[in-house]
Amino acid sequence: MRKYTTEELNRPSAEEFRTARKIPMVVILDNIRSLHNVGSVFRTCDAFAAERLCLCGITATPPDREIHKTALGAEDTVPWSYHKDTAEALAALRGEGYRIIAVEQAEGSVPLDGFVCRDGERYALVLGNEVFGVSDGCMELCDEAVEIPQSGTKHSLNVSVAAGVALWHFYCACRGRG
């Protein structure tokens, strides 16, 4: 067995990616502290063809060397915007017709593997602060919550890991429906 070369992977150019079909999903980062987590989420949004990324509150924005360390250029291919207030970003997305979904352990949350994407539906996934999760104010604005089932002793995953798990699920469930 051998690994593919970069050329054999036949990835689109940045320009081709900008115009390529995306899955019907926007990712919202609610007050993320770590620039490495921000960069990692950029890279994951690129990998799974998210429409765009909303950076909110204290979440840092490009250009930034520390974000670039983990984004590896995805900060240039994934459309992004900054919003001082996460609630305002969620209200704007709702106005655009997105269903707002917290990735959070919450009352009434649905296990991620039980969530089904509906035809014609667009989603906005909210990921919260590394310590406090999705803020209470934002939770009140969400239509529902999905929870990543876990079996270990820790109660949560790193936010960039949680983003990867959630985006992979939505990518598998929603591709072809964008």
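**Exercise 1.** Place T86 in this predicted model: in which helix is T86 found, and is T86 buried or exposed?

*Solution.* Start with the secondary structure: T86 belongs to helix 4. Next, take its relative accessible area, which is 4%. Buried means under 20%, so T86 counts as buried. Finally, list its contacts, leaving out residues up to four places away in sequence: T86 touches I28, D30, N31, C56, G57 and C138.

**Exercise 2.** Work out which residues of helix 4 are buried and why they lie on the same side of helix 4.

*Solution.* Step one: within residues 86-95, the buried set includes T86, A89, L90 and L93. Step two: these residues cover an arc of only 100° around the axis, so they sit on the same side of helix 4. The general rule helps here: an α-helix has 3.6 residues a turn, so residues three or four places apart point the same way. Step three: turn to the other side of helix 4, where E88 and G95 are exposed. Step four: look for the packing partners of the buried residues, among them strand 1 (23-30), strand 3 (80-83) and helix 5 (136-141). As a last stop, G97, just after helix 4, has a positive phi of about 95°.

**Exercise 3.** Find which backbone oxygens lie 2.3 Å and 3.0 Å from a polar atom of the K22 side chain.

*Solution.* First locate K22, in the loop between helix 1 (14-19) and strand 1. K22 is buried yet has no salt bridge, and D46, the nearest side chain of opposite charge, is 8.0 Å away. Now check the backbone: the oxygen of F17 lies 2.3 Å from a polar atom of the K22 side chain, and the oxygen of A20 lies 3.0 Å from one.

Methods. Residues are numbered from 1 along each chain as its sequence is written. This is a predicted model: local features need pLDDT of at least 70, side-chain atom pairs count only at pLDDT 80 or more; totals for chains, interfaces and linings use all residues. Side-chain values use heavy atoms; hydrogens and water are left out. Buried means under 20% relative accessible area, exposed over 50%, partly exposed in between (1.4 Å probe, protein chains only). Helices (H or I, at least four residues) and strands (E, at least two) are DSSP runs, numbered from the N terminus. The arc is that of the directions from the helix axis to the C-beta atoms. Contact means heavy atoms within 4.5 Å. Lys and Arg count as positive and Asp and Glu as negative; His and the chain ends are not counted. A salt bridge is a side-chain nitrogen of Lys or Arg within 4 Å of a carboxyl oxygen of Asp or Glu. A polar contact is a pair of N or O atoms within 3.5 Å; within protein, one must be able to donate a hydrogen and the other to accept it, and residues adjacent in sequence count only if both atoms are side-chain atoms.
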